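This briefing sets out the helices, the burial of residues and the side-chain pairings of one protein chain. The model and its sequence are shown first, and the notes follow by topic.

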Amino acid sequence: TQAYLSLGNGAILVVLLFWERRRLLPNNGLFCVQGILYALLRWEVEFYRASPAWWAGWTIAQWACVVGFLFFSVYLVRLCIQKPSLLTPAPSSEQE
């Protein structure tokens with residue numbers, strides 16, 4: 001499972017670099033995106049681990065990932081709705 005996490009974290013890094021260059025997220029937006037993507041990755045990887053199911057066929061770690069996903073999703077939505085003035089477009093390469 002460590003190899004899956006390493007590959008997944010590499011993919012998350014590529015996504016974060018893409019979003020960081022676009023500068024379309026408010027302050028702490030990248031942090032939220034990283035939390036969302038990591039929770040999804042970890043939730044999926046937990047299916048491959050030999051851990052006992054806790055409730056509804058999922059492990060405690062998977063339920064923690066669901067909580068983390070919900071937390072970061074709500075936080076990101078609140079950031080984007082409450083502070084739209086923090087959205088900054090990427091600087092243009094042309095000098096005025």
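A residue is called buried when its relative accessible area is under 20%, exposed when that area is over 50%, and partly exposed in between. E46, at 3% relative accessibility, therefore counts as buried. The model discussed here is predicted. Its protein chain has three helices and zero strands, and the order of elements from the N terminus is α-α-α.

**Overall composition**

- Of the 96 residues in the protein chain, 24% count as buried.
- The protein chain exposes about 7200 Å², and carbon and sulfur atoms supply 64% of that area.
- Among the contacts with a separation of 6 or more, 66% join residues that lie 24 or more positions apart.

**Helix α2 and its packing**

- Helix α2 has 17 residues, which at 1.5 Å a residue should span 24 Å; the end C-alpha atoms are 24 Å apart, so the expected and modelled spans agree.
- The buried residues of α2 are G29, C32, V33, G35, I36, A39, L41 and V45.
- The cover over these buried residues of α2 includes α1 and α3.
- I36 belongs to helix α2, and this residue counts as buried because its relative accessibility is 14%, below the 20% limit.
- Leaving out residues up to four places away in sequence, I36 touches F69, F72, S73 and L76.
- Between I36 and C65 the C-alpha to C-alpha distance is 8.9 Å, although the two residues are 29 apart in sequence.

**Helix α3 and its packing**

- For the 23 residues of α3, a rise of 1.5 Å a residue gives an expected span of 33 Å; the end C-alpha atoms are 33 Å apart, so the two values agree.
- Q62, C65, G68, F72, S73, L76 and L79 are buried in α3.
- These buried residues of α3 pack against α2.
- F72, S73 and L76, which are buried in α3, are among the residues that I36 touches.

**The loop before α3**

- T59 is found in the loop between α2 (29-45) and α3 (60-82).
- T59 is buried because its relative accessible area is 5%, under the 20% cut-off.
- Beyond its neighbours within four places in sequence, T59 is in contact with E46, S51, P52, A53 and W54.

**The salt bridge**

- The count of salt bridges comes to one.
- R42 forms a salt bridge with E46, and the closest N and O atoms of the pair are 2.9 Å apart.
- The two partners fall in separate burial classes: R42 is partly exposed because its relative accessible area is 22%, whereas E46 is buried at 3%.
- E46 is also one of the residues in contact with T59.

**Aromatic pairs**

- The count of aromatic pairs comes to four.
- The rings of F18 and W19 have their centres 6.3 Å apart and their planes at 85°, so this pair is edge-to-face; the class applies to planes over 60 degrees apart.
- F18 counts as partly exposed at 44% relative accessibility, and W19 counts as partly exposed at 31%.
- F71 and Y75 form a stacked aromatic pair, with 6.1 Å from centre to centre and 25° between the planes.
- Both F71 and Y75 lie in helix α3, four residues apart, which is about one turn of the helix.
- Y75 is partly exposed, given its relative accessible area of 30%.
- A cluster linked by ring pairs contains F31, F71, F72 and Y75.
- F72, a member of this cluster, is buried in α3 and is touched by I36.

**The nonpolar surface patch**

- V15, F18, W19, L24 and L30 make a nonpolar surface patch of about 410 Å².
- Helix α1 (residues 2-22) contributes the largest share of the patch, three residues.
- W19, a member of the patch, is found in helix α1.
- F18 and W19 take part both in the patch and in the edge-to-face ring pair.

Definitions and conventions:
Residues numbered from 1 in each chain as written. Predicted model: local features only at pLDDT ≥ 70, side-chain atom pairs only at ≥ 80, totals over all residues. Heavy atoms only, no water. Helix = DSSP H or I, 4+ residues; strand = E, 2+ residues; numbered from the N terminus. Buried < 20%, exposed > 50% of the residue type's maximum accessible area, 1.4 Å probe, protein only. Contact = heavy atoms within 4.5 Å. Patch = residues over 30% accessible without salt bridge, like charges linked within 9 Å, V, L, I, M, F, W, Y side chains within 5 Å. Areas by Shrake-Rupley, 256 points an atom, 1.4 Å probe, with all protein chains shown as cover. Salt bridge = Lys/Arg side-chain N within 4 Å of Asp/Glu carboxyl O. Phe/Tyr/Trp six-rings, centres within 6.5 Å; stacked < 30°, edge-to-face > 60°. Expected span 1.5 Å × (residues − 1).
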